[in-house]
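Please take a moment to look over the sequence and the model before reading on, since the paragraphs below lead through them step by step.

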Amino acid sequence: MKKRLIFIISVFFAFISCSHQQTEKKEQVIDTIPVMVMQIQKCNRLYTAEAHVHKIITHDDQLNLKGSLFKKDFNIHVPGSNRKVAIPMDATLKAYVDFSGFSAKNVNRQGDKIEIILPDPKVILTSSKINHEGVRQFVSLTRKNYSDAELSQFEQQGRESIIRDIPNLDILEQACQSAANTLIPMLQDMGFAEENIKISFRKKFTFNDLKTLLDKTTIEKNH
């Protein structure tokens with residue numbers, strides 16, 4: 001009888017101990033997410049990728065003679081009035097991820113597996129510069145060289161073209177990978193195995209997303 005009583009008491013205390021451990025474990029699981037969010041928020045604005053773009057901007061035009069004759073409109077190219085220009089341009093793009101608004105909504109945890117949905121990246125065109133020595137103009141004798149105002153306008157068109165190409169560059173993929181290289185060691189310190197960590201953006205960004213991706217407030221213009 002005494003042995004049976006001792007056994008029952010042992011089972012009782014073992015159950016209490018197990019329940020206590022499970023409670024502690026559960027509390028640790030619950031507490032992990034807020035701690036993780038706080039740690040990731042400390043990353044603030046993380047510049048994660050940089051791309052250098054070399055582009056040749058080309059433009060050509062020809063004088064046209066327009067008018068009306070016998071109530072019929074005409075538009076005739078004027079022979080020998082061609083102009084062409086090639087403008088070499090270098091630009092630097094930088095991408096960053098701003099973690100200041102990072103929250104538990106960006107975290108999806110399933111047991112020992114965790115997925116981090118990164119905030120949408122921002123891209124800055126930090127500089128653009130024309131290689132003036134490399135500018136080549138081909139102008140017919142009847143035409144004048146391109147003016148500085150026209151060349152400046154072509155440069156602006158080149159900048160816009162580079163911006164439109166952002167989704168086709170690998171800078172967004174680089175930004176994601178670089179952010180992962182920063183966050184994965186942090187998550188490993190919290191006990192997650194690298195193979196159980198997934199870090200990604202919420203979607204694959206396209207040309208239609210440019211308005212939200214481009215940080216226009218910090219664009220510098222270097223000529």
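What follows is a walk through a predicted model, from a sheet to its helices and then to a pair of rings.

We begin with the sheet, and it helps to recall that strands of a sheet pair through backbone hydrogen bonds, either parallel or antiparallel. Here three strands form an open sheet in the order 3-4-7, and the pairing is mixed. Strand 3 (107-110) and strand 7 (197-200) stand at the edges, and because each has a single partner strand, one side of each is left without a neighbour in the sheet. On average, neighbouring strands of this sheet are turned by 10 degrees against each other, if direction is ignored. Strand 3 and strand 4 (residues 113-117) run antiparallel and are joined by four bridges; in strand 4, Lys 113 is the bridge partner of Gln 110.

Helix 3 (residues 171-189) packs on this sheet, where it touches strand 4 and strand 7, and its direction makes about 150 degrees with that of strand 7. Helix 2 (residues 148-164), with its 17 residues, reaches 24 Å from its first C-alpha to its last, which is close to the 24 Å expected at 1.5 Å a residue. The buried residues of helix 2 include Leu 151, Phe 154, Ile 162 and Ile 163, but also Glu 155 and Arg 159.

Finally, a search of the whole structure finds two aromatic pairs. One of them joins Phe 201 and Phe 205 in an edge-to-face arrangement, with 5.7 Å from centre to centre and 65 degrees between the planes. Are these two rings' residues buried or exposed? Phe 201 has a relative accessible area of 11% and is therefore buried, and Phe 205, at 7% relative accessibility, counts as buried too.

Methods
Residues are numbered from 1 along each chain as its sequence is written. This is a predicted model: local features need pLDDT of at least 70, side-chain atom pairs count only at pLDDT 80 or more; totals for chains, interfaces and linings use all residues. Side-chain values use heavy atoms; hydrogens and water are left out. Helices (H or I, at least four residues) and strands (E, at least two) are DSSP runs, numbered from the N terminus. The expected span of a helix is 1.5 Å times one less than its number of residues. Buried means under 20% relative accessible area, exposed over 50%, partly exposed in between (1.4 Å probe, protein chains only). Rings of Phe, Tyr and Trp (its six-membered ring) pair if their centres lie within 6.5 Å; planes under 30 degrees apart count as stacked, over 60 as edge-to-face and the rest as tilted. Two strands pair if DSSP finds at least two bridges between them. Axes are lines fitted to C-alpha atoms, for helices over the stretch in contact, and angles run from 0 to 180 degrees between N-to-C directions. Contact means heavy atoms within 4.5 Å.
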